[in-house]
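Subject: Handing over a structure

Dear colleague,

I am passing on a structure that I have been going through, and my notes follow below it. Please keep it open beside you while you read.

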Amino acid sequence: TASTRETPSPVYTDVELVEYLVTKIRKKGFIQITIVEAQNVYNYSYTGRTVQTVAEMVGYTSNNYTIVDLTQEQEAYNYRGILGMHTVGRTWRDADYRISFAKNKTHWQCYYTGCLKNIYGCLPQWDKMKHYHVKNREFYECCILILDAFPVHFGFLDAWVSGDGFSGHVRDAQPNYTHTLFASENIV
């Protein structure tokens, strides 16, 4: 689908692509479609920055799907390993089919983000620095544990416009027009 906006964001997955996928899934007869995210460390800097508010700000309409804040529905879960007894968002845990729809961009800490790193947003604690970037526990290990416990069945990577540079995950004044979309059952 062609974007009606002048330039899709190099930072977040294009809403039109996600909503196009939702429409296709719904036409296949699936009726309970949910887009999930957890809160994050921007809570330190901004008030009223809920998952729903940010979703609406970037253009999600939630006409054919539900938007869920995994931080608000945490339940205990034993991941074992370095994460041990922790929490999981109920909707992510109970999903019959999980899709990671990520944005192609670089990141100062993990160099590159994609469908694997995208699952970081499903880790339900909002203070991710406190819970997932601590001694003897790093975000990539936590992402692998949540993926092992709650596998992703399919991945899409929005690389139509890609963010790059030290803060490519936050902003990019001169994004790369890579004009590519990736899709696979293997999110690696």
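How far apart should the ends of helix H1 (residues 15–27) be, at 1.5 Å a residue? Please bear in mind that this is a predicted model. The 13 residues of H1 should span 18 Å, because the expected span is 1.5 Å times one less than the number of residues, and the end C-alpha atoms are indeed 18 Å apart, which agrees.

At the start of this helix, a side-chain oxygen of Asp-14 comes to within 2.8 Å of the backbone nitrogen of Glu-16, while just after H1 there is Gly-29, with a positive phi of about 105°. Within H1, the buried residues include Val-15, Leu-17, Val-18, Glu-19, Leu-21 and Val-22.

Turning to the interior, the largest nonpolar core has 24 residues, of which Tyr-79, Leu-83, Trp-92, Ile-119, Leu-123 and Ile-146 touch the most other members. Helix H6 (residues 139–149) supplies the largest share of this core, namely six residues. A second, separate core is made of twelve residues, among them Val-15, Ala-55, Tyr-60 and Ile-67. In soluble globular proteins, nonpolar side chains tend to be buried together.

Leaving aside residues up to four places away in sequence, Leu-123 touches Ala-38, Leu-83, Lys-128, Tyr-132, Cys-142, Cys-143 and Ile-146.

Finally, strand E7 (residues 154–163) has eight of its ten residues buried, so this strand is largely enclosed by the rest of the structure. E7 pairs with strand E8 (residues 180–184) in the antiparallel sense over five bridges, and the bridge partner of Asp-158 in E8 is Leu-181.

With best wishes

Key:
Residues are numbered from 1 along each chain as its sequence is written. This is a predicted model: local features need pLDDT of at least 70, side-chain atom pairs count only at pLDDT 80 or more; totals for chains, interfaces and linings use all residues. Side-chain values use heavy atoms; hydrogens and water are left out. A nonpolar core is a set of buried Ala, Val, Leu, Ile, Met, Phe, Trp, Tyr and Cys residues joined through side-chain atoms within 4.5 Å. Buried means under 20% relative accessible area, exposed over 50%, partly exposed in between (1.4 Å probe, protein chains only). Helices (H or I, at least four residues) and strands (E, at least two) are DSSP runs, numbered from the N terminus. Contact means heavy atoms within 4.5 Å. Two strands pair if DSSP finds at least two bridges between them. A polar contact is a pair of N or O atoms within 3.5 Å; within protein, one must be able to donate a hydrogen and the other to accept it, and residues adjacent in sequence count only if both atoms are side-chain atoms.
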